[in-house]
Amino acid sequence: MNPLANYRRITIKIGSALLVDAAGKLRAPWLAGLAQDIATLKAEGREIVIVSSGAIALGRSLLGLNALALTLEQSQAAASAGQIALSQAWSEALGQHGIVTGQILITPNITEERRYYLNARTTIQTLLGLGAVPIINENDSVATAEIRYGDNDRLSARVATMIEADLLVLLSDIDGLYTAPPARDPHATHLPLVESITPAIEAMAGGAASHLSRGGMTTKVEAGKIATQAGTAMIIARGTEDHPLAHLVAGGLHTLFKPATTRAQSRKRWIMGTLAVSGTVHVDAGAARALSQGKSLLPVGVTQITGTFERGDTIAVLGPDGREIARGLVSFDSDDARLVIGKHSEAVIELLGSSNRGAMVHRDNLVLTGSTDTTQRQEAHHEPG
């Protein structure tokens, strides 16, 4: 069965080691084969978005940077030079099939701050509506070590959820998830299907294997958590074949991560994919139970607050055992939040004023993230954009 058959909008992530050889040269024949595969999918009526690594790998060769480890400044310079070459390569490869490409460079604030998120989503959706293929990469030429995605696996998951893709395909040098890293364990077993990402599944992931790539199975599983919780399926497949997507369609070995049964509304989908939180709140068992029933988080159930945050920031909600159970947009800044810990709504209003609704995180701005809580997410009312 064709594993892509049921998906119309597909985000495809390409790793550096697939596009660029060990000498830092573009693998042009491989890219030509992939471009033909993409053209076939588009001819079938599918919309394709590409998240492509490779700028630094190409740029380091162009600039003669031969060290295995680059300084931040060297990486930024390599990205600057390499992004031009990467964009040109994609434009030429897909142009052979009459496909127009559009380049979008993303930094974390674009997906972490909602107004930028909505603008980027509109640009991508407009390109798709015009029949183009957006080519997306992290803007490594200006990113700092502290403020960056750090891998295109998670970036691709954020993009996929942002545009409501049906499927995210991670093309890599491995054909899916194994029970253990197969390079270390000859008895490792391939998993064709992952129903949900549990701690046991996370424990199966390994680290990065190449100086050309930053990711490994760990970041791919993290990407799977972002995508599947937002209702997007994910496939990890080997991309080293000359026609990797055609190989996948023909039955190539892969791992499918099943999505949540329902697609969250847009605001909640954004909250679910947030890479970093501004602070955390710990709640008691009663509050955790109320959240699982779709209720708002009230100050009376909060036992501890860490971090500094402003009203509207994303915070993590931790249960009595210290594990994250939810994320949401907080209604108070951290000073006010500490002021009302453990207090009932009447006391909150008395302290902060009658205009306050009393909820620390309103249910419309809260998403359950616990692995067993997927079915509890509310669609609530439809929110455009």
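Reader: What makes the pairing of lysine 220 with aspartate 153 a salt bridge?

Author: In this predicted model, the closest N and O atoms of lysine 220 and aspartate 153 are 3.3 Å apart. A salt bridge requires a side-chain nitrogen of Lys or Arg within 4 Å of a carboxyl oxygen of Asp or Glu, and therefore the pair qualifies. The two residues belong to distant parts of the chain: lysine 220 is in helix α9 (residues 217–229) and aspartate 153 in helix α7 (residues 152–162), 67 residues apart.

Reader: Are lysine 220 and aspartate 153 buried or exposed?

Author: Lysine 220 is buried, and aspartate 153 is buried as well.

Reader: How do you know that aspartate 175 and arginine 238 meet in a salt bridge?

Author: Their side chains approach to 3.1 Å, N to O. The cut-off is 4 Å, so the pair is counted. This pair also links distant parts of the chain, with aspartate 175 in the loop between β5 (167–172) and β6 (177–178) and arginine 238 in strand β9 (residues 233–238), 63 residues apart.

Reader: Why is aspartate 175 called buried, and why is arginine 238 called partly exposed?

Author: Aspartate 175 has 9% relative accessibility; buried means under 20%, so the term applies. Arginine 238 stands at 27%. Partly exposed covers the range between under 20% and over 50%, and arginine 238 is therefore placed there.

Reader: What makes glutamate 47 and arginine 8 a salt bridge?

Author: The distance between their side chains is 3.4 Å, N to O, and the limit is 4 Å, so the pair meets the criterion. Glutamate 47 lies in strand β2 (residues 47–52) and arginine 8 in the segment before β1 (9–14), 39 residues apart. Glutamate 47, at 12% relative accessibility, counts as buried, whereas arginine 8, at 47%, counts as partly exposed.

Reader: Which residues are linked with glutamate 47 in a network of salt bridges?

Author: Arg8, Arg9 and Glu47 are linked in such a network.

Reader: How many salt bridges does a search of the whole structure find?

Author: The search finds 10 salt bridges.

Reader: Why is strand β4 described as mostly covered?

Author: Strand β4 comprises residues 133–138, and 6 of its 6 residues are buried. Val133, Ile135 and Asn137 point one way, while Pro134, Ile136 and Glu138 point the other way, and all are buried. In a regular strand the side chains alternate between the two faces of the sheet.

Reader: How do you know that β4 pairs with β2?

Author: Pairing requires at least two bridges between strands, and 2 bridges join β2 to β4, so the pair is accepted. These two strands run parallel. Isoleucine 50 has isoleucine 135 as its bridge partner in β4. Strand β3 (residues 101–106) is likewise joined to β4, by 6 bridges, and runs parallel to β4; there, glutamine 103 stands opposite isoleucine 135.

Reader: Why is asparagine 365 called buried?

Author: Asparagine 365 has 16% relative accessibility, and the cut-off is under 20%, so asparagine 365 counts as buried. This residue lies in the loop between α14 (345–352) and β15 (366–368). Leaving aside neighbours within four places in sequence, asparagine 365 is in contact with Arg267, Ile271, Arg327, Gly328 and Leu329.

Reader: What share of the protein is buried, and how many helices and strands are there?

Author: Buried residues make up 53% of the 385 residues. The protein has 14 helices and 15 strands.

Key: Residues are numbered from 1 along each chain as its sequence is written. This is a predicted model: local features need pLDDT of at least 70, side-chain atom pairs count only at pLDDT 80 or more; totals for chains, interfaces and linings use all residues. Side-chain values use heavy atoms; hydrogens and water are left out. Helices (H or I, at least four residues) and strands (E, at least two) are DSSP runs, numbered from the N terminus. Buried means under 20% relative accessible area, exposed over 50%, partly exposed in between (1.4 Å probe, protein chains only). Contact means heavy atoms within 4.5 Å.
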